[in-house]
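The following exercises concern the nonpolar core and the ligand shell of one structure. Please work through each task before reading its solution.

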Amino acid sequence: MQPIKINLHNGKASKRFHVMSKPIGAACNIDCTYCYYLSKQDLLEYKKGCSPEMPFDQLESYIKQYIEQQNTPEIIFTWQGGEPTMLGLDYFKEVVRLQAKYAPKGVLISNDLQTNGTLLTDAWCYFLSKHNFLVGLSIDGPEMYHNAYRKNRAGRGTFKQVMAGITLLHKHKVNFATLTCINKLTSQNPLEIYRFLRDEVRSPQIQFIPIAEPETFRETAPHHWQKEQLPILGSKQAQPGELGSVVTSWSVSSEGWGTFLCTVFDEWVKQDLGRVNVQYFEACVETWMGRTNPLCTLGSLCGKGLAMEPNGDVFACDHYVYPEYKIGNIHEKPLDQMAFSAKQQAFGFAKSRTLTKQCQNCDYKFACFGECPKNRFVRSYDGEVGHNYLCQGWHMFFKHIDTYMCQIVSAMGHQVRKTV
Ligand code: SF4
Ligand code: SF4
């Protein structure tokens, strides 16, 4: 029998977990059509039109817990919203002050900040650069694509403000990645979107996010859908814009997602391999090498990242901030107990344990694992409930890149491992 290998840090078993903290909850200065988070204000019963801010005493208690309950060489804080920059720069100066107060010797404290970029200033970017924040910035492509859905509260597009923010990020050499939502519109213009991100934004890392939203996503938690109403993969009711469709009209279609990825991949693999970082493509190289996919959506497990609201409520995942998936509150239970609780473990293992037969028999199970469970709101071809809406797109993409991936991995001197 192989001995069980335990990773150690400072002579003790290492222990790490991750929390995506939302110190301003769902509050945001703009109003994107497909924001999955704004509606949480109603769902979590916050006072109309506002979310509570995490007060400084709670912030301190959170930072202290988060650091003290982990035993690992690097502790990563993630700040999200809503729009966290609405809290103001002084709030984040306090964050880094508190982190320095509690950081043990020899442990690296890192920060990720997700922003729409519209409130960035020289002072903000100086601070982000100085403290080595990794910024995730949302931009959906050239002006007409970005402004189609990312509007301010007066209904006007936010493209110009976001581009001004990007200029400042470059000026201050802030480490950043771009997040681009692939919706019905952007999915139809893959090269225009990709070339813009590559050549004009000069994005250090390009991340794509498929918009796949059930019509009922604002009020109905994943897996609490009306089972009898779930359509078969690829049927009319599983197409955005069709009468009786289960997805919002701005969602990307399953095939549209696949076509988008394949088209961008073809340009990337011919011209930009090793030069431009496209997160999905880099992650696939890892997978074809037989390593664990760094992205939870394409890995075998969920549940490694909790989401926390400003009132201390903790949820199983950022995409599962619904009362049904609340696992506790930091004022009542230590964070690590929630992170390693039986409920959270069951959530994590369900990703692989609930795969449909179609997924279990799929040639690309090793690269996909049925993708994110929040998107499993259709039936498989043989009628099984809980199949992924984006399946056709993912399958098309994995099949398309398979030969290239084998060549890339071999050229890197590694063995190709397409195993689960
Ligand atoms: S539910 Fe989706 S986003 Fe959340 S951990 Fe699982 S795969 Fe990742
Ligand atoms: S490509 Fe489709 S069938 Fe294959 S694992 Fe992914 S969701 Fe399942």
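**Exercise 1.** Determine which residues touch the most other members of the largest nonpolar core.

*Solution.* A nonpolar core is a set of buried Ala, Val, Leu, Ile, Met, Phe, Trp, Tyr and Cys residues joined through C-beta atoms within 7 Å. The largest such core holds 87 residues, and Val 135, Leu 306, Phe 315 and Ala 316 touch the most other members. Helix H14 (residues 391–411), with 8 residues, contributes the most to this core; helices are DSSP runs of H or I, at least four residues, numbered from the N terminus. Another core, of 6 residues, lies apart from it and includes Ile 24 and Ile 30.

The model is predicted: local features need pLDDT of at least 70, side-chain atom pairs count only at pLDDT 80 or more, and totals for chains, interfaces and linings use all residues. Residues are numbered from 1 along each chain as its sequence is written, while chains are lettered from A and ligands numbered from 1 in the order in which they are written.

**Exercise 2.** Establish why Leu 128 counts as buried, and where it is found.

*Solution.* Leu 128 is found in helix H4 (residues 122–130). Leu 128 counts as buried because it has 26 C-beta neighbours inside 10 Å, the criterion being 20 or more other C-beta atoms within 10 Å, with C-beta atoms placed from the backbone. Leaving aside residues up to four places away in sequence, Leu 128 touches Leu 113, Phe 133, Val 135 and Val 174, contact meaning C-beta atoms within 7 Å.

**Exercise 3.** List the residues around ligand 1.

*Solution.* They are Cys 296, Thr 297, Cys 302, Gly 303, Cys 317, His 319, Lys 351, Cys 372, Pro 373 and Lys 374, each with its C-beta atom, placed from the backbone, within 6 Å of the ligand.

How values were computed
A residue is buried if 20 or more other C-beta atoms lie within 10 Å of its own, exposed if 12 or fewer, and partly exposed in between; C-beta atoms are placed from the backbone. Helices (H or I, at least four residues) and strands (E, at least two) are DSSP runs, numbered from the N terminus. Two residues are in contact if their C-beta atoms, placed from the backbone, lie within 7 Å.
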